[in-house]
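Open the model in your viewer and get ready to select residues one at a time. Each stop on this tour tells you what to pick next and what to look for there.

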Amino acid sequence: MTDLSKLSIGLKGTAQIRVGEKQTAPHVGSGRVRVLATPVMINMMEAAALDAIENLLPPGHQSLGTHLDVGHYAATPVGMTLRASAEVTRIDGRNVTFRVEAFDDRERVGDGTHTRVVVNVDRFDARIQKKLKSEQ
């Protein structure tokens, strides 16, 4: 069994970016309006979750996103900073659940929950290779 004893409810992580053209909806293909793309906001939420726990995982392990339930409520224009935060709210075996939020320079623009599963990288990679071979 994987030792996740270093993880605890209440751990927090953050991530931030300055919104540029590469983070807009038209650039990533999620819309036509030149504002922060929802997939980019979600990526920042995941990055905040990673910041909260990745350095506490046992050697040879990492976490993978498995579930997102988020809302994106307000537009963020190019030039503003987006800050995302994540806080561990539940640990169930290898599954870690977070409360996630995103703010720009003026307001909260999104929030929700995010779940990640902790995996052994070597075993995970072996499964992926087996899946690739079964396709051929």
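**Stop 1: a charged pair**

Select Arg108 and Glu101 and show their side chains: the two meet in a salt bridge, with 3.0 Å from N to O. Keep in mind as you look that this is a predicted model. Side chains of opposite charge can pair when their charged atoms come close.

Stay on Arg108 and add Asp111 to your selection. These two also form a salt bridge, and their closest N and O atoms are 3.5 Å apart. Is Asp111 buried or exposed? Asp111 counts as buried, because its relative accessibility is 11% and the cut-off for buried is under 20%. Arg108, at 39% relative accessibility, counts as partly exposed. Now add Arg99 to the picture: salt bridges that share partners join Arg99, Glu101, Arg108 and Asp111 into one network.

**Stop 2: a link between distant parts of the chain**

How many salt bridges does the structure hold? There are seven, and another one to select is Asp105 with Arg83, where the closest N and O atoms are 3.7 Å apart. Asp105 sits in the loop between β4 and β5, while Arg83 belongs to strand β3, so this pair links distant parts of the chain, 22 residues apart. Colour both by accessibility if your viewer can do that: Asp105 is partly exposed at 41%, and Arg83 is partly exposed at 34%.

**Stop 3: the sheet**

Switch to a cartoon view and find the strands. Five of them make an open sheet in the order β1-β3-β4-β5-β2, and the pairing is antiparallel. Which strands are at the edges? They are β1 (12-18) and β2 (61-72), each of which pairs on one side only. Look along the sheet and you can follow its twist: neighbouring strands are turned by 25° against each other on average, direction ignored.

Next, highlight β1 together with β3 (residues 81-92). The two strands pair in the antiparallel sense over seven bridges. To see one partnership up close, select Arg18 and its bridge partner in β3, Thr81.

**Stop 4: a histidine inside**

Select His114, which lies in strand β5. With a relative accessible area of 1%, His114 is buried. What does its side chain reach? The side chain of His114 comes to 3.0 Å from the backbone oxygen of His67. Show the surroundings of His114 too: residues it touches include Glu46, Ala49, Leu68, Val96 and Phe98.

**Stop 5: helices across the sheet**

Pick helix α2 (residues 38-53). This helix lies across β1, β2, β3, β4 (95-103) and β5 (108-120), and runs at about 140° to β1.

Finish with helix α3 (residues 121-135). Helix α3 lies across β2 and β5, running at about 90° to β5. Try a distance between the first and last C-alpha of its 15 residues: the helix reaches 21 Å, close to the 21 Å expected at 1.5 Å a residue. Your last selection is Asn120, which caps the N-terminal end of α3, with a side-chain oxygen 3.0 Å from the backbone nitrogen of Asp122.

How values were computed:
Residues are numbered from 1 along each chain as its sequence is written. This is a predicted model: local features need pLDDT of at least 70, side-chain atom pairs count only at pLDDT 80 or more; totals for chains, interfaces and linings use all residues. Side-chain values use heavy atoms; hydrogens and water are left out. Helices (H or I, at least four residues) and strands (E, at least two) are DSSP runs, numbered from the N terminus. The expected span of a helix is 1.5 Å times one less than its number of residues. A polar contact is a pair of N or O atoms within 3.5 Å; within protein, one must be able to donate a hydrogen and the other to accept it, and residues adjacent in sequence count only if both atoms are side-chain atoms. Two strands pair if DSSP finds at least two bridges between them. Axes are lines fitted to C-alpha atoms, for helices over the stretch in contact, and angles run from 0 to 180 degrees between N-to-C directions. Contact means heavy atoms within 4.5 Å. Buried means under 20% relative accessible area, exposed over 50%, partly exposed in between (1.4 Å probe, protein chains only). A salt bridge is a side-chain nitrogen of Lys or Arg within 4 Å of a carboxyl oxygen of Asp or Glu. Lists of a residue's contacts leave out its neighbours within four places in sequence.
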